[in-house]
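Hi everyone, thanks for making time. Have the sequence and the model up on your screens, and I'll talk you through what I found.

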Amino acid sequence: MQDKIIKVTHGSRASLIPLTAAILIGLLGMVPQKFAAQTKTRTGKIFAQKLVEATRARHPESDEIGISANTSRGCSGIASTDKTDVGGKCEKEDSEPMRTGKPVVEKEKDGFDVSLPLHDSAGEIVGSVGVGFKSAPGQTEASVTEQAQKIVGEMETQIPSKAKLFERSE
């Protein structure tokens, strides 16, 4: 197969190159743009992270909110208002609500931690949400569980699927 020769002009210089080479040069010129677009996409926060940050801002009674989910690397923290929890392996209180569908409440010296199953809008369990509460007068296991259920309920209406939790945005 014979390659056609084309004339390429760059500034005041002109040169003859085979058509295949011209196409390759043109495609290579697009490579940095493609990688720049991928990098830009990957630098955005995942939906789950934006969700915990926005939810925490609306609920000053909570001092921390985090989401855990089963991933290809097992159960791990995928989003949290405490950045050190992101990427860490799930603790029992994170994985238990996903397995049983029931809350786990822990009384801590400085408050309560409540972990609840996280459902998508179709009612499927897609992860768990941990909500931390600082100590407050009259606080009981039942009252913090009720507060956490309201907070998680608000979050669940925004989750159409597990995949949505991992979507990146700017």
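Let's begin with helix α3, where the buried residues are E93, D94, E96, P97 and M98. One thing to say straight away: this is a predicted model. So what do those buried residues of α3 pack against? They pack against five strands, namely β3, β4, β5, β6 and β7. If you look just past the end of α3, you'll find G101, which takes a positive phi of about 80 degrees.

Okay, let me zoom out for a second. The protein chain has five helices and seven strands. Reading from the N terminus, the order goes β-β-α-α-β-β-α-β-β-β-α-α. There are 170 residues in the chain, and 32% of them are buried. As for contacts with a separation of 6 or more, 49% are between residues 24 or more positions apart.

Now for the pockets. How much space lies in the largest pocket? It's about 420 Å³. There are 24 residues lining that pocket, and the ones closest to its centre are E64, D85, E91, E93 and D94. You've already met two of those, since E93 and D94 are on the list of buried residues in α3.

Which elements build the lining of this largest pocket? At least two residues each come from β3 (62-71), β4 (74-80), α3 (92-100), β5 (104-108), β6 (111-119) and β7 (125-134). The top contributor is β3, with five residues. Sort the lining by class and you get nine charged, eight polar and seven nonpolar residues.

On to the second largest pocket, with a volume of about 320 Å³. This one has 15 lining residues, and R73, S76, G77, I78 and F166 sit nearest its centre. Here the biggest share comes from β4, which gives four residues. By class, that lining splits into six polar, five nonpolar and four charged residues.

Let's stay with one of those, S76, which sits in strand β4. Is S76 buried or exposed? The relative accessible area of S76 is 14%, and the cut-off for buried is under 20%, so S76 counts as buried. Setting aside residues up to four places away in sequence, S76 touches I67, S68, A69 and T71, and also G87, G88, K89 and C90.

Another one to click on is G132, over in strand β7. G132 has a relative accessible area of 3%, so it is buried too. What does G132 contact once you leave out its neighbours within four places in sequence? The partners are E61, S62, D63, E64, F112 and D113. E64 should ring a bell, as one of the residues closest to the centre of the largest pocket. And here's a pair to look at: G132 and E106 are 26 residues apart in sequence, while their C-alpha atoms are 9.6 Å apart in space.

Last topic, the rings. How many aromatic pairs does the structure hold? Zero. What you do get is lysines over ring faces: K107 lies over the face of F112, at 5.0 Å from the ring centre. Then there's K164, which lies over the face of F47 at 4.9 Å from the ring centre. F112, by the way, is the one we just saw among the contacts of G132.

That's my tour, so over to you for questions.

How values were computed:
Residues numbered from 1 in each chain as written. Predicted model: local features only at pLDDT ≥ 70, side-chain atom pairs only at ≥ 80, totals over all residues. Heavy atoms only, no water. 1 Å grid on protein atoms, 1.4 Å probe; cavity = no way out; pocket = protein on both sides within 12 Å on 5 of 7 lines; lining within 4 Å. Points joined across faces, edges and corners; volume = space filled by probe spheres on them. Nonpolar A, V, L, I, M, F, W, Y, C, P; charged D, E, K, R; others polar. Buried < 20%, exposed > 50% of the residue type's maximum accessible area, 1.4 Å probe, protein only. Contact = heavy atoms within 4.5 Å. Phe/Tyr/Trp six-rings, centres within 6.5 Å; stacked < 30°, edge-to-face > 60°. Lys NZ or Arg CZ within 6 Å of the ring centre and 35° of its normal.
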